[in-house]
Every structure is written in C-alpha cells, then in structure tokens.
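Colleague: I am new to this structure and would like to go through it with you. Could you show it to me before I ask about its parts?

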Amino acid sequence: MSREFFREVSRRDFLKICGGVAAALGLSEMSAQEVAEVLAASAKKPPVVWLEFGSCSGCSTSFLNADAPSAVDVLLNHLSVRYIEVIMAAQGAQTEEVLHETIQQEAGNYIAVIEGAVPTLDGYGMIADRNFYDVLKEVAAKAKAVIALGSCAAYGGIPAAKPNPGQVKPVSEIIGKEKVINIPGCAANPSWLVSTVVHVLMFGMPELDSFGRPKFIYGQCIHDNCERRASFDEGMFVDQYGDKEVGRDYCLVKVGCKGPNTHANCPQIRWNGGKGWCVAVGAGCIGCVEPSFPDAFMPFHDRLPDLALPGWAGLRADADLVGTVLGAATAIGIGVHAVGAAAKGKLGKRAAQDEQAKTEA
Amino acid sequence: MSQIITVDPVNRIEGHLKIQVEVENGKVVNAWTVGTAYRGLEQILRGRKAEDAVLISQRACGVCPIPYATAGSKAIEMAYGIEIPENARVLRNIIMGFQFICSHILHFYHLVALDYVDPAAVVHYTGNDPELLDLKSLVLSGDSAPFTPRWDHDFRLPTDINIAATKHYIEAVHMYQRAGEAIALLGGKFPHVVGIVAGGMTPKVTPTLVTDLIGYAKELKDFIDTKYVPDVLAVAPYYIDYGNIGVGPGNFLAFGSFEGPDRDPYNTILPRGVIMDGDINSVQEFDQSRIIEHVAYSYYEDGNPKHPGDGVTLPKYTGIPSDPRRGEKYSWLKAPRYNTKAMEVGPLARMLVRQDANLLDLAAKLKIGPSVLARIAARALEAQLIADNMLGMITELKPDGQVPCAQYKPTSGRGYGLDEAPRGAIGHWLEAEAGRITNYQMIIPTGWNASPRDITGQPGPYEIAMIGTEIKDVSRPIELTRIIRSYDPCMACAVHVVDLEKEKIAAKFTIG
C-alpha cells in the first residue's frame with residue numbers, strides 16, 4: 001500500500017478501506033479515521049528477503065548489534081523484512097508462502113540478503129525439501145539486488161576451507177556476479193550491511209572492488225589505519241601473548257595480525273557500538289574479510305611469512321619475492337601484489353596500490 | 001486414521017531444522033527430528049595448528065561462539081600442559097557470563113516470545129514510547145513483516161501483558177547489543193571473538209576495563225531482574241498446560257562451567273553431573289566412557305554404535321525418506337547416548353544438576369514437570385543466577401595492567417575441554433602432533449537434544465518430547481514448535497561430521 005495508491009482513491013473510499021484493515025486486525029475500538037491517519041503517514045518500505053544457507057547465523061545476530069541506526073529502527077522504520085528465518089513470526093509452510101508471495105508481488109523490487117555458503121551437493125542443505133542452490137536461484141532471479149552477507153556467502157568462507165567438505169560455493173558462483181554486492185566479514189559488521197543498504201536505496205549501487213566489495217568499506221588496508229601502526233613503524237612488537245609490558249600496546253604482527261593483508265574500515269568504525277575491534281583487545285586481525293579467508297590466513301597466530309618488520313629484520317621484501325613464497329595463497333585468490341603492498345609498509349604503499357589496481361583490472 | 005504432519009523449516013532457531021510427526025486421533029504417536037544441512041567443520045581442522053581450532057570452531061555458532069573458544073582452548077591447554085593465569089580464568093567466566101545472558105535474552109524474547117505474545121496488541125497502546133509507536137504504525141499500515149503473518153490461534157495473554165512484553169522485546173534487542181559490547185571489550189567483537197586464546201586471554205586487565213564491565217553487568221542484571229524474569233512469570237500462568245507438555249526423556253547431562261579458583265567443575269555455580277530416569281533429586285558423577293554415538297538413522301556410512309572417538313564416519317546422503325515410518329536414514333545429526341539413554345542438555349539440565357532451589361520451588365508452586373515451561377523458566381532463572389554472580393566474578397579480577405596469558409611452546413599431546421554453552425553441554429577433544437591437529441572432535445548441545453533415533457529405535461529428546469502431544473489444529477501445530485523452541489536449538493552447531501581416521505581419540509581420555 002503506497003502513498004500513491006491513496007492519492008487515487010477518494011477520502012470516503014479510503015476510510016472504507018481503513019475500516020476493513022481495522023476489522024481484519026480485530027481492532028473494533030479503533031476508528032477508521034484513526035487508522036487512516038496512521039496509514040497516510042506511513043510510506044512503503046523497501047522489501048527484503050533474508051535467506052540463511054550454510055552459515056552459523058552469526059551475520060543475523062551481528063545485524064541485531066546494529067548501533068546507529070539500531071536493528072529495531074531498521075526493522076520498524078526503514079526496511080520491510082518479509083522473510084528472515086531467525087526472527088520472523090511465521091511458521092512452517094507459512095514461511096514458504098511469505099517467500100513466494102514476496103517474490104511474486106515484489107518482483108524486481110526486493111533486496112535479497114544471503115547469509116551462508118551454498119553447498120553444491122544434493123541434500124547437503126535443504127529448506128522445505130529444496131536444495132539451498134535452487135532456493136537461491138529462485139530468489140535471486142527476481143531480486144533488485146543481492147547482498148552476499150558475510151564471508152561464507154561472499155567467498156565460501158569457513159565451510160569452503162580445505163577440504164571444503166560440503167563442496168560449497170559463494171553466492172556469485174551460483175547466480176553470477178551481476179547484481180551481487182559482497183559484504184564479507186566473519187561476522188559482517190552490521191554497519192557494513194546497513195550502510196550498503198542505505199547506499200543502494202539513496203545513491204544506487206556502490207562502487208565495488210574486483211572482489212565485489214563496496215570500496216567505501218573495504219577500500220583501505222587495516223594496517224594503514226591501525227591504532228598500533230606507530231609501534232610497527234618504530235619496530236615495537238608483542239613477541240608472544242602475555243608479554244609483560246605495561247602501558248604500551250605494541251604492534252601484533254609477530255603474533256599473527258593479518259592487518260597488513262586485510263582491507264576493511266574496522267579501525268575507523270570498530271565493532272559493537274565502537275567498544276572493540278580485534279586489534280584493540282591485543283589479539284590481532286585474522287583477515288576475515290578477504291576472499292582467501294580462512295585458508296590463506298592460517299595459522300592465525302603465525303606472523304605473515306614475508307612481512308618485513310622495520311627495526312626488526314631490517315629487510316624489505318619486494319613484490320616478486322613475496323609472490324614466490326605466497327604462491328599457494330595466490331592460487332586461492334589473494335592478490336600477490338596486495339601482499340607485496342603490505343609487505344613494503346607505508347613507504348611502498350602508493351606504488352603497490354597502483355600495482356594492485358593494475359592486477360585487478 | 002493417522003496422518004503425517006511436517007513443519008519445515010522450523011524457524012526462529014539457529015540453523016536448519018525440519019520436524020515430522022504422525023498424528024492419530026489428534027495425538028502425536030511418532031516423531032522425527034531432521035537436521036537438514038551439513039558443513040563439516042572438524043574435517044577442516046585436521047592438519048591445522050591446534051590454536052586455529054579456537055577460532056575456527058567458534059564459527060559453528062554465531063549465537064554462542066564463546067563456549068567453542070573456551071572448550072577449544074581448554075583442550076589445547078590440557079594437551080600442552082598449560083595452566084592459565086587466574087585473571088584469564090576470571091575473564092573467561094565473565095565473557096561466558098555475558099554470552100549466557102545475551103543468548104538467553106535473545107532466546108526468550110526474539111526466538112520464543114512470538115509463540116506466546118501477540119505484538120499486534122500494540123494497536124491498543126496509548127503511551128508515548130517512540131519504538132512502540134513505530135511498531136503500532138507498522139501494524140496499522142499493514143506492512144508488519146516480519147511479525148506477520150503468524151499462527152495466531154492460541155494467543156492467550158491480556159492486552160497489558162502483551163504490550164509490556166512487546167516493549168521488552170524491543171528493549172531486549174538493545175540489551176543484546178549491550179551484552180555484545182561487553183563481550184567486545186574482552187573478545188574484540190561479537191559474534192566471534194579473538195580475545196580467547198590457548199593460554200589465557202589477550203585483553204589487558206586494567207581498572208578501566210573492570211569499571212566498564214561492572215557497568216554492563218549492572219545494566220543487564222537490572223533488565224533480567226525487572227523485565228526478563230517477571231515477564232516469564234507473568235506469561236507462564238496463561239500457558240500452564242505447557243508445564244506438562246513437551247516432557248523429555250527425563251535424563252539430564254551437564255558438563256559444568258564458571259570454574260572457581262579451585263578449578264573443580266563439580267564445585268561451581270553450574271556444576272557437572274548427570275540425572276537419570278527422571279530421578280531429579282539424584283545427581284550422579286559424569287563418566288565419559290559411557291558416551292556412545294549412533295548413525296543408524298543419520299546420513300553417514302553405517303557402523304556399529306561407537307564411542308565418539310572410535311572409528312571412521314563418512315557422510316553418505318541417502319535422500320529424503322518418502323515416508324518417515326519406513327525406517328530409513330533421515331537426519332544429518334548423529335545420535336549420542338549416555339549409558340544407552342537419550343539425554344537432555346541445557347538450562348533445565350544444569351539447574352536440575354545444580355538442584356537449584358528457585359527452580360524447584362517454582363516447579364512445585366506451579367505444579368509443572370520437566371516441560372516446555374520448565375525449560376523457559378530454568379533459562380530465565382539461570383540468567384538471573386549468572387547476573388547475580390557477575391559482580392562477584394568481576395571483583396575477582398586483579399587490575400595489574402598485564403595480558404593474562406601463559407606462554408608455552410606447542411608440542412604433541414591429547415586434551416579435552418568440557419564446558420557449557422547457553423544451550424547445553426559442549427565438549428572438544430583434540431589430538432596434536434608437533435603443534436598440528438591430527439584429530440579434532442566436538443560433541444555439542446543440540447547434537448544431544450535434536451538427535452535422531454539410535455540403533456535400538458530409541459528416539460532422541462525432541463522426538464520423545466513431541467510424542468504424546470495433543471495437536472489442536474494440524475494445519476498449525478504450534479504445540480510442536482513451542483516444544484522444539486523451548487530447547488533453544490542450534491542446528492548449525494549440531495551438524496558436523498566426525499571424521500576420525502586416527503581412531504579412539506576420545507576413548508583414551510578419562511573424564512571425571
């Protein structure tokens with residue numbers, strides 16, 4: 001029911017319709033006049049279908065942590081989330097009816113949010129006796145845009161780690177890259193989802209990088225914006241968790257921080273109402289937003305093999321050397337030159353970014 | 001004449017679940033619980049460094065990742081002979097406390113409440129709470145997804161309770177966020193944390209941290225004391241028949257959590273223990289050699305029922321049975337049994353093992369059995385118990401400005417970590433050689449509760465709880481989904497492959 005619709009009906013008809021609505025809701029004491037006022041005030045919200053496949057539900061629960069606007073505000077005032085298994089009131093076959101109704105009535109109009117990777121083996125992931133991949137194809141076909149939320153949906157993520165037991169694939173490999181926006185992260189920061197949706201609704205599709213991620217979120221290297229960057233530049237490191245130093249929060253690359261290879265705005269926007277992010281608690285980044293996560297980032301607590309540390313080894317690796325050593329990582333999606341860029345540290349950053357841009361193009 | 005009713009998906013849970021029942025004369029005579037998705041995290045862990053299991057295994061569950069991190073860390077610490085610092089023990093209890101609190105709040109308000117509370121009652125709301133007014137206009141505008149449509153044939157609460165509970169539903173989202181913030185102070189972010197590592201914890205213990213934690217603990221305790229527990233008590237009388245619906249197998253298992261300075265799992269606020277055959281006042285010690293896992297009705301290669309660490313298990317999908325009565329394989333879940341019995345795990349099990357006086361008094365007063373209502377009440381009272389203990393835990397911290405983490409060199413060894421997730425007992429078993437995982441094994445809460453039949457045909461706890469239930473409207477069997485949700489299912493956790501080429505790992509351990 002849109003505002004436009006109401007402009008085309010007479011006030012009398014309108015009140016009659018509203019009376020019907022009130023009756024349908026069992027609101028005998030609610031006057032048609034009162035309903036009409038509320039209805040006229042409410043504009044149509046963009047419809048959303050949120051599907052969960054091979055996932056841990058962590059991107060759903062992460063969404064509940066949305067801060068500004070809050071998840072409540074988003075659900076009540078900004079989006080019409082028709083299908084979302086974790087919180088929808090509907091049950092059983094009713095949920096399927098909601099899904100099919102939305103696809104039909106809102107064809108070309110709804111945003112599909114996909115959480116989780118997609119098993120390609122028959123029977124390895126089913127909703128209402130249908131394989132996830134068939135449900136995905138049906139929902140994606142008529143969606144206005146598809147948001148692959150979290151690293152599992154975007155790139156395969158955790159279940160795609162070797163040996164990929166369920167033979168899972170990312171969303172874009174099932175339905176094609178067209179109209180897919182990847183919002184990786186394990187879990188995805190709720191701000192990334194909400195700001196991307198806002199971008200789509202207010203300004204159209206955001207500019208994406210070669211991995212299908214919005215550049216306004218994933219455009220910068222974590223290492224470059226890290227609150228502990230000064231320690232890195234000065235060659236001050238945590239050598240092992242539990243080091244007895246007081247007062248100074250040293251750089252974590254020697255205990256495995258993957259910030260130099262990871263691109264996201266975590267240092268700027270942080271997590272959970274700004275209360276934390278991985279580096280802030282002294283554990284380091286694990287690279288959860290990158291296409292090659294998690295395989296290329298394990299062992300999580302080992303130092304990046306080719307990251308030269310200022311004031312420590314005194315060496316600066318060049319991109320070719322890094323490329324040779326990290327061949328395995330390259331094969332599963334990480335850009336050699338991106339690694340090289342990080343390895344060169346701040347000074348080599350600009351040139352390396354250009355190289356990365358060339359590679360991506 | 002009997003008929004088969006299917007609910008698929010069972011939503012407002014974590015992960016993918018389908019249930020089927022056979023109904024005869026309005027009564028469930030047979031039931032099947034079907035885990036419909038598979039990911040196989042343990043297979044992924046083989047060959048990795050043991051520490052990676054702490055970060056990977058958490059990803060089994062985005063609702064309760066913390067207990068995976070603690071169980072994984074404990075397994076490594078046992079395997080490598082590491083003793084964690086006192087501040088780390090305390091910080092783990094605190095982060096676990098916030099995890100339980102946020103998970104229990106989420107479960108009651110956002111997963112379960114819509115089965116009992118009618119948020120559409122807000123159309124009668126006349127106050128000025130902005131969020132309730134938003135919801136009111138949403139309902140009136142006819143665009144009230146995702147709160148409609150719904151099964152609305154059995155709402156029984158008066159308008160004022162509906163409105164109050166709906167207001168708390170919204171507040172509970174904010175409380176969930178607040179608990180997430182507290183977890184982020186210790187873990188970096190939530191869900192999925194980096195701050196729990198083998199050897200201890202990574203955040204420095206500072207006076208600022210202690211102060212912040214006190215603030216969060218106090219705020220959440222207030223919500224539990226003034227909203228969550230009172231709401232459960234207010235709703236219960238209207239659904240008092242559910243005090244005898246959904247009674248499970250009567251066997252309860254708890255591994256225990258929140259260890260004190262003596263680190264004795266039998267001497268904590270949530271102790272370890274076992275209750276068998278409905279004898280709820282008789283708590284026994286737990287003996288892990290009595291665990292057997294079955295695959296007779298699970299999508300894995302057949303084999304004799306085995307100890308979880310014993311033998312090889314391979315996925316083998318054989319399709320959806322055309323009729324569940326035909327006795328074919330039907331679920332991705334395996335069927336763990338303790339002492340040959342199907343076991344219930346979770347808040348009710350823990351509170352019974354603890355012999356919690358508040359719960360036992362309430363059950364006696366309301367005349368309820370180990371049912372749907374008992375599970376919901378046990379969860380609320382457990383949240384309150386933990387909240388009551390949070391300030392005490394926080395003041396155990398010594399704010400010395402240090403990172404509470406023991407330093408060690410990875411070696412070879414075997415270890416296990418037993419803990420409690422909000423939804424029940426969780427155990428990780430690890431075997432490592434030169435720092436690398438040669439075997440990893442998880443037995444997690446919903447694996448017990450949602451298990452299918454075993455080789456003797458004994459149904460799992462959900463199935464037992466559903467059998468005997470009277471269904472008022474077979475097209476909308478809300479009795480069944482109320483039963484299932486009372487357990488707080490976490491299907492993604494439950495479905496994992498046990499891949500043990502190196503056999504007999506867990507069998508080598510003796511667990512007190």
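Colleague: At the start of α10(A), which backbone nitrogen does a side-chain oxygen of Asn189(A) reach?

Modeller: This is a predicted model, in which local features need pLDDT of at least 70 and side-chain atom pairs count only at pLDDT 80 or more, while totals for chains, interfaces and linings use all residues. Residues are numbered from 1 along each chain as its sequence is written, chains are lettered from A and ligands numbered from 1 in the order in which they are written, and side-chain values use heavy atoms, without hydrogens and water. Helices are DSSP runs of H or I with at least four residues, numbered from the N terminus. At the start of α10(A), the side-chain oxygen of Asn189(A) comes to within 3.0 Å of the backbone nitrogen of Ser191(A).

Colleague: Which cysteine holds the sulfur closest to that of Cys226(A), and why is there no bond?

Modeller: A disulfide is counted when two cysteine sulfur atoms lie within 2.5 Å, and a search of the whole structure finds zero over all chains. The sulfur of Cys226(A) has its closest cysteine sulfur 6.2 Å away, which is too far for a bond, and that sulfur belongs to Cys257(A).

Colleague: How many salt bridges does the rule find across the interface of chain A and chain B?

Modeller: The rule asks for a side-chain nitrogen of Lys or Arg within 4 Å of a carboxyl oxygen of Asp or Glu. Arg82(A) and Asp143(B) form such a pair, with their closest N and O atoms 3.9 Å apart. Across the interface of chain A and chain B, the number of salt bridges found is five.

Technical notes
A polar contact is a pair of N or O atoms within 3.5 Å; within protein, one must be able to donate a hydrogen and the other to accept it, and residues adjacent in sequence count only if both atoms are side-chain atoms. Helices (H or I, at least four residues) and strands (E, at least two) are DSSP runs, numbered from the N terminus.
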